[in-house]
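Reader: I've got a two-part puzzle open on my screen and would like a walk through it. Can we take it one question at a time?

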Amino acid sequence: MAIARGISTALILAALTCAGGVQSWAQPHTPAASPAAQPAAAQAKAPGKMAPPDRKGGQAAKQAGKTAEPTDQTPQPGPETEQPPQSESAAPESNVPSTALPNFLEPPEVSGPTLPEPPPLLLAPPPPQIKPPELPTIVHSASEVIRAVLGLALLFGLAYMASRPLVQRIERKLGISQLVTSGFPFVILGLIAHLPAVGILSDSTLWEIRPLLALGLGWIGFVVGFRFDSRLSESLSPGSQTVAFVMAGVPFLTIVGACALVLKLMGGSLLNEAFLRDALILAAAGAGTARSVPRLLKGRGGDAESVQKVWSIAQLEQLAGIAGLMICAAFFRPHGATVAWQIPGSAWLFITLGMGATVGVVIYATLTKASGGAQFSVLLLGSVCFASGMASFLRLSPVVVCFIAGVVVVNLPGRSREAARETLSDLERPIYLLFLVIAGSLWQIGQWQGWILLCLLVGARLTGKWLGAGVCRLRHIGSITDEERRSLIFGPLGALAIAVVVNAQDLYFDPTISWMITAVIGGAIATEVIVQAALRPQENAAGYAVGREELAARRPTK
Amino acid sequence: MMRLFLILIVGGLMETARSFAPEPGLGSGASGTALACGYLLITAFFAGEIFHHLHLPKLTGYLVTGIVVGPQLLGFVSNPMLDNLEIFNGTAIALIALTAGVELDLRSMRPLFRTITWLMVVAVLGTAALLAIAVYFTRNMLPFMHGLPTTQAIAVAAVLGITMSAQSPAVVVALRSEMRADGPLTRTVLGVVVMSDFVVILLFAIASTITKILFGVRADVVQTASALAWEILGSIAIGLLAGFAIGVYLRYAKGSVALFVVIVALVIAEVGQQISLDPLIIALAAGMLIRNATQSGERLYREVEGASLPVYVVFFAVTGATIHLKELSTVAVPAVLYVSVRAAGFLSGSWIATTAAGAPATLRKFTGLGLLPQAGLALALALLFIRAFPAFGAAASALVFGAVAINEMLAPALYRQALERSGEAGQEQSRVAEAESAEGTVES
């Protein structure tokens, strides 16, 4: 125990010393106030939230051979204890009100009589009056459990089948490869599975399989980080970094700006915490471009050099999503979190970086000890599960922590890297598709606010991309061609965008997050479908051309 | 050394996470479950490797990891986390049973049937009887048996004797897999533990029903019989259907089917439990059908072996974490006594049975050691015992938990020694090579 404590203290100190400010904030048990003191139960029961089974349901589940959370409290974004979560303001020793937010977001001190706290201002029109919490439906009978298990197995089986080479060949023959590759049919499957009439992914089932969500988020982050290797740096042409910075940064700003405009029209304050957080999340999700963009360019007849360039730019753009999510998780700590550490946002930022780097080194060291395929699977799965669980436990982003770990692992020397790459590629697609199924089940399609946000997101993103491309052309940055520019402007949103908003929902239990899920998933599907529809004739033509070339190459020469 | 260092580092990170929690102990939610799962996978895996270097079974390393990091010692993995990780148990048991079923090649086992029958009668039933007698004559050491009339005391002793005689197909299959063992000893032990699984379930149902009647509890014999028939026959029927489906899939699917097998195991475990079927029997029947009625047995075996490592690691670590150390400390003396009686019963019974069956010297010498491992079935029966006899079931089951804890720790190491000394360790590779060359011949 003493050794474990010593090592953990050393690790944490090493991570925190990087921040250069240990003395200023490393004070455990310093309480923090919860600025927006919304009833936690009402927050957590916002549509689309996964809530734990109630006490009665817990008993029912136990009778059915399952264990359930023995609490009738709604889930709180704090470290998970068996005790019902308390708000930070109710934490012990809370004599001095303070905040987990950075100082610039603190409201100025008001002398005289205390004014009532204004309600939080949100991106979209205020949510409808939330009813008293309705407890989620609990899996009562054996038939419901069987239906859920068989349904999940079927969904998993479909995800598995979709990753088989044979099925992918059939998709290509049918000309639906790109749409299926993007995985959106699985989002729809998740949406259908969540319908009460179907009942496969009910709220209680979603609650049970939430560990899978953490694993999925971590896995996506790790895979994205694993692509930031020497091959990426070698493939970067001069100016590509600047192009990526502009093409991600300008849309980021336009999305935040569009949100600000909407809020201003509604008479809200731009320094409102909830607004800033939501705008940052939406911008982080909307700034990047899907990995499928290079394929689209290839389909339009782009040469290898262009494809490589666009690929590297799209990769770098993903940093915007990671950075945005990291800042959000660090500076906008979840309300009502029961935490033992009360430290400033900048400290959480450095903890995120330190944790990601530490876990990355541990994963690297772990993988060097694996000697076969099965051992790699065990250790990689265990490592990502551990990293994502730990990040989620500390209310940080699993995507970000695992991303950093992935970057560390792939850039350290050794042969374990290739074996890890192989294992990742084997498991990537089934896990990704399963993640999309769960994301689809979180999608509250009936919320009109989400559809309005969708229009805002897609419009602001396209405008931002167009402006960014214009800046690159005017300033002659990166010397990108018209075709490359078009691909980058119209490129769809990718898996990382969905991961960003799903991760945000795991962190914050606000109704606005589920609107953003609608906006981002809907936006991702809309952009993908539009791009497919616009490009298909040319893509097919290019495909035939490629096919003819291949056939000609295979023909024996006389 | 590096492995130990990694275990300490990961432990340090867990301690960090724990320091973040305001309450002592880590939580039960999604992040806690993911954290615990990842932690157990890494730590138990490395502990298994360390134990392997010490010439001890890897699975003992997994178990020890569970004990050390579990709620009773370090507390890195809390009880709610263990509850959430129970999903691995069912899947692991189904995978293990599938492996066991695929191992049971009736043609190659035919020469062993005589020995297995003798072992079932003398070693298994004999040890159950011996344990019942031991419990009866030492009932003064057991407070829950004080003051019971003779008939009731005999009945309770019989139920306890049957419960404590249960063996562990899971440990036997996992050790066989770890040691890559094959040969008469491996197959005989596997055949006996699988058969005794059926027999012990059957005997327990009969004995507990009789005991209930003796205690004046209303017991519906017809209902018990029909429930038992449904559990055993229904499981076999569903298992055959599942085996047929897996066989068809294996016939047409190319490439790796590991993930498919894991999904099937999960479905068998979860659905089977819901409809009062035994996942172990379902998977066993499925595996036996595939081995004996299709050409895909060897392939399924290899796929299960490849896919099951993560599940095994977590399963045994969770099992270790749920070992009842507290109960062991309170019932240490009688538990050690019954473990000794059980060991004596199996060792002597096996020697007598194999001698009577005219089995080779290897079997005479080592079969008893293969029957010693004990785990899940005994615990499950002990839980049933609590439910059936609320007045004294908890105290009686503490005794079983204590005995299982001792057997879990010691028996795998003994069976590992038996496999090594019998020369069967490492023999599986030659069998696989033969099978692969045979497949190659058929394909060409």
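Author: Sure, and one definition to start: a helix here is a DSSP run of H or I at least four residues long, numbered from the N terminus. Keep in mind that this is a predicted model.

Reader: Then where in chain B is Arg180 found?
Author: B:Arg180 has a positive phi of about 50°, and it isn't a glycine. Most residues other than glycine have a negative phi. As for its place, B:Arg180 is in the loop between helix H9 (169-179) and helix H10 (184-214) of chain B.

Reader: Is B:Arg180 buried, partly exposed or exposed?
Author: A residue needs 20 or more other C-beta atoms within 10 Å to be buried, and 12 or fewer to be exposed. B:Arg180 has 18 within that radius, so it falls in between and is partly exposed.

Reader: B:His55 has a positive phi too; which helices flank its loop, and is it buried or exposed?
Author: The phi of B:His55 is about 60°, again in a residue that is not a glycine. Its loop runs between helix H2 (30-53) and helix H3 (58-69) of chain B. With 10 C-beta neighbours inside 10 Å, B:His55 counts as exposed.

Reader: Stepping back, how many helices and strands does chain B have?
Author: The secondary structure of chain B has zero strands. What it does have is 20 helices.

Reader: How does the radius of gyration of chain B fit the globule rule?
Author: For 444 residues the globule rule gives 22 Å. The C-alpha trace spans about 75 × 60 × 40 Å along its principal axes. The radius of gyration of chain B is close to the rule's value, so the chain is as compact as a globular protein of that length, at 22 Å.

Reader: What share of chain B's residues count as buried?
Author: The cut-off for buried is 20 or more other C-beta atoms within 10 Å. Of the 444 residues of chain B, the share that meets it is 58%.

Reader: How far apart are the C-alpha atoms of B:Val121 and B:Ala353?
Author: B:Val121 is in helix H7 (residues 113-137) of chain B. With 14 other C-beta atoms within 10 Å, B:Val121 is partly exposed. Along the chain, B:Val121 and B:Ala353 are 232 residues apart, yet their C-alpha atoms are separated by 8.1 Å.

Reader: On to chain A: what share of its contacts with a separation of 6 or more comes from residues 24 or more positions apart?
Author: Chain A comes to 23 helices and zero strands. Of its 558 residues, 53% count as buried. Among contacts with a separation of 6 or more, residues 24 or more positions apart account for 85%.

Reader: How do H15(A) and H16(A) lie relative to each other?
Author: H15 (residues 304-331) and H16 (residues 345-367) of chain A have axes 7 Å apart and an angle of about 130°. Roughly antiparallel would take an angle over 145 degrees, and roughly perpendicular 65 to 115. H15(A) and H16(A) are therefore oblique.

Reader: Which H16(A) residues make that contact?
Author: H15(A) passes H16(A) in a right-handed crossing. On the H15(A) side the contact uses A:Met326, A:Ala329, A:Ala330 and A:Phe331. On the H16(A) side the residues are A:Gly345, A:Trp348, A:Leu349 and A:Thr352.

Reader: And what hand does the crossing of H15(A) with H18(A) have?
Author: H15(A) and helix H18 (residues 398-411) of chain A pack at about 125°, with axes 9 Å apart. That makes H15(A) oblique to H18(A). The crossing is left-handed.

Reader: How do the residues of the contact of H15(A) with H18(A) divide by class?
Author: H15(A) brings A:Ile322, A:Leu325, A:Met326 and A:Ala329, while H18(A) brings A:Val399, A:Val400 and A:Phe403. None is polar or charged, and the nonpolar count is seven.

Reader: Last one: which residues does A:Ile513 touch, leaving out those up to four places away in sequence?
Author: A:Ile513 is in helix H23 (residues 511-554) of chain A. It has 23 other C-beta atoms within 10 Å and is therefore buried. The residues A:Ile513 touches are A:Val501, A:Ala504, A:Gln505 and A:Tyr508.

Technical notes
Residues are numbered from 1 along each chain as its sequence is written. Chains are lettered from A and ligands numbered from 1 in the order in which they are written. This is a predicted model: local features need pLDDT of at least 70, side-chain atom pairs count only at pLDDT 80 or more; totals for chains, interfaces and linings use all residues. Helices (H or I, at least four residues) and strands (E, at least two) are DSSP runs, numbered from the N terminus. Two residues are in contact if their C-beta atoms, placed from the backbone, lie within 7 Å. Axes are lines fitted to C-alpha atoms, for helices over the stretch in contact, and angles run from 0 to 180 degrees between N-to-C directions. Angles under 35 degrees count as roughly parallel, over 145 as roughly antiparallel, 65 to 115 as roughly perpendicular and the rest as oblique. A crossing is left-handed if the near helix is turned anticlockwise from the far one by less than a right angle, and right-handed if clockwise. The radius of gyration is taken over C-alpha atoms; the globule rule is 2.2 Å times the number of residues to the power 0.38. Ala, Val, Leu, Ile, Met, Phe, Trp, Tyr, Cys and Pro count as nonpolar, Asp, Glu, Lys and Arg as charged, and the others, Gly among them, as polar.
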